[in-house]
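Here are some exercises to work through with the model open beside you. Try each task before you read its solution.

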Amino acid sequence: MTSNSFPSLADALAAGTVVLDGGMSNQLASAGHDLSDELWSARLLADRPDAVADAHLAYFRAGADVAITASYQATFEGFAQRGIGPGEAARLLAVSVELGRDAVRRARDEGIVRPLWVAASVGPYGAMLADGSEYRGRYGVSVDALERFHRPRIEVLAGAGPDVLALETVPDADEAAALLRAVRGLGVPAWLSYSVAGGRTRAGQPLEEAFALAADVDEVIAVGVNCCAPQDVESAVETAARVTGKPVVVYPNSGEVWDAEVRAWTGRSTFTAEQVAGWRKAGARLIGGCCRVGPEGIAGIARVV
């Protein structure tokens with residue numbers, strides 16, 4: 001049982017479908033917060049923690065069962081570039097989990113009684129670089145070096161008491177291998193979610209090989225994809241379920257495309273709640289949205305499941 005006296009997330013996934021939240025950044029932006037900084041939403045952990053808790057609460061109100069923390073871009077190295085030392089960086093990482101817990105308490109005060117969980121986001125190495133390389137992978141960095149990068153913040157996040165670690169938007173199977181090493185023995189479950197395009201990781205590896213890395217890792221309670229186009233989801237779900245035998249997590253983008261040169265989203269949304277039925281049939285059990293999917297989209301998913 002989790003600290004809120006409800007079943008663990010792993011048990012809930014074994015029993016049925018659980019709803020994830022949507023994009024943290026678009027919810028914060030829609031509330032008027034500037035996210036142009038290289039720390040992205042992680043900046044608000046120091047500057048406006050109340051805004052982060054408000055964003056989590058908006059998703060709980062919409063029907064989400066899991067809040068993903070604002071720690072995706074939060075790293076010791078990224079904070080150091082802003083003059084924030086390791087002690088304060090560790091505190092801010094822990095704050096990200098505390099804000100999720102605060103949103104759970106506020107949801108309870110509003111009468112929301114269903115199980116609610118907090119997932120500590122662990123973004124890829126490329127997110128710290130803030131140059132778009134999290135959508136390419138192949139950093140030219142060894143698996144050992146990637147493990148050394150990820151392990152300290154994973155240990156801090158795990159120590160803050162989340163229900164699960166979200167190893168998310170992973171573009172490269174080599175980085176997944178490093179992350180899986182880093183979570184072993186911590187006593188906190190995790191999910192592993194790749195960023196994909198056309199049946200392969202962003203780095204170009206076949207998904208069968210990428211998912212297979214997690215098949216025998218006991219800490220991993222779900223495997224899947226996120227921050228991808230909705231049309232790439234269903235086949236990836238089928239592959240993840242077949243290769244790992246684990247519940248599948250999916251939370252795609254809206255279908256719009258990020259233009260890094262002009263720093264804006266282009267195109268139109270192709271994400272619909274109706275697609276969820278197909279994803280569930282293929283094996284998805286933990287379902288939400290990523291970039292440009294807000295509370296309205298999550299409410300649609302919640303109605304379907």
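Axes here are lines fitted to C-alpha atoms, for helices over the stretch in contact, and angles run from 0 to 180 degrees between N-to-C directions. The model is a predicted one, in which local features need pLDDT of at least 70 and side-chain atom pairs pLDDT 80 or more, while totals for chains, interfaces and linings use all residues. Residues are numbered from 1 along each chain as its sequence is written, and side-chain values use heavy atoms, without hydrogens and water.

**Exercise 1. Describe how α4 and α6 pack.**

Step 1: Two packed helices are described by the angle between their axes and the distance between the axes. Helices (H or I, at least four residues) and strands (E, at least two) are DSSP runs, numbered from the N terminus. For α4 (residues 49–62) and α6 (residues 86–109), the angle is about 50° and the axes are 8 Å apart.

Step 2: That angle makes α4 oblique to α6. The cut-offs are under 35 degrees for roughly parallel, over 145 for roughly antiparallel, 65 to 115 for roughly perpendicular, and oblique for the rest.

Step 3: The crossing of α4 and α6 is right-handed, meaning that the near helix is turned clockwise from the far one by less than a right angle, with anticlockwise giving left-handed.

Step 4: Now look for contacts (heavy atoms within 4.5 Å). On the α4 side they include Val52, His56 and Phe60, and among their partners in α6 are Leu99, Asp102 and Arg106.

Step 5: Sort the contact residues of α4 with α6 by class: 9 are nonpolar, 2 polar and 3 charged. Here Ala, Val, Leu, Ile, Met, Phe, Trp, Tyr, Cys and Pro count as nonpolar, Asp, Glu, Lys and Arg as charged, and the others, Gly among them, as polar.

**Exercise 2. Do the same for α6 with α8.**

Step 1: α6 and α8 (residues 143–159) pack at about 45°, and their axes are 8 Å apart. That makes α6 oblique to α8.

Step 2: α6 passes α8 in a right-handed crossing. Ala90, Leu93, Ala94, Ser96 and Val97 of α6 meet Arg153, Val156 and Leu157 of α8, a contact with 6 nonpolar, 1 polar and 1 charged residues.

**Exercise 3. At what angle do α4 and α13 cross, and which residues make the contact?**

Step 1: The axes of α4 and α13 (residues 295–304) cross at roughly 30° and come within 8 Å. The two helices are therefore roughly parallel to each other, and their crossing is right-handed.

Step 2: Ala58, Tyr59 and Ala62 of α4 touch Pro295, Ile298, Ala299 and Ala302 of α13. The classes come to 7 nonpolar, no polar and no charged.

**Exercise 4. In which order do the strands of the open sheet lie?**

Step 1: Pairing requires that DSSP finds at least two bridges between two strands. The 8 strands follow the order β1-β12-β9-β8-β5-β4-β3-β2, with parallel pairing.

Step 2: At the edges are β1 (18–19) and β2 (66–68), each paired on one side only.

Step 3: Zoom in on β4 (residues 164–170) and β5 (residues 190–194), joined by 4 bridges. Here Leu167 stands opposite Leu192.

Step 4: Add α9 (residues 173–183), which packs on the sheet and touches β3, β4, β5 and β8. The direction of α9 makes about 170° with that of β4.
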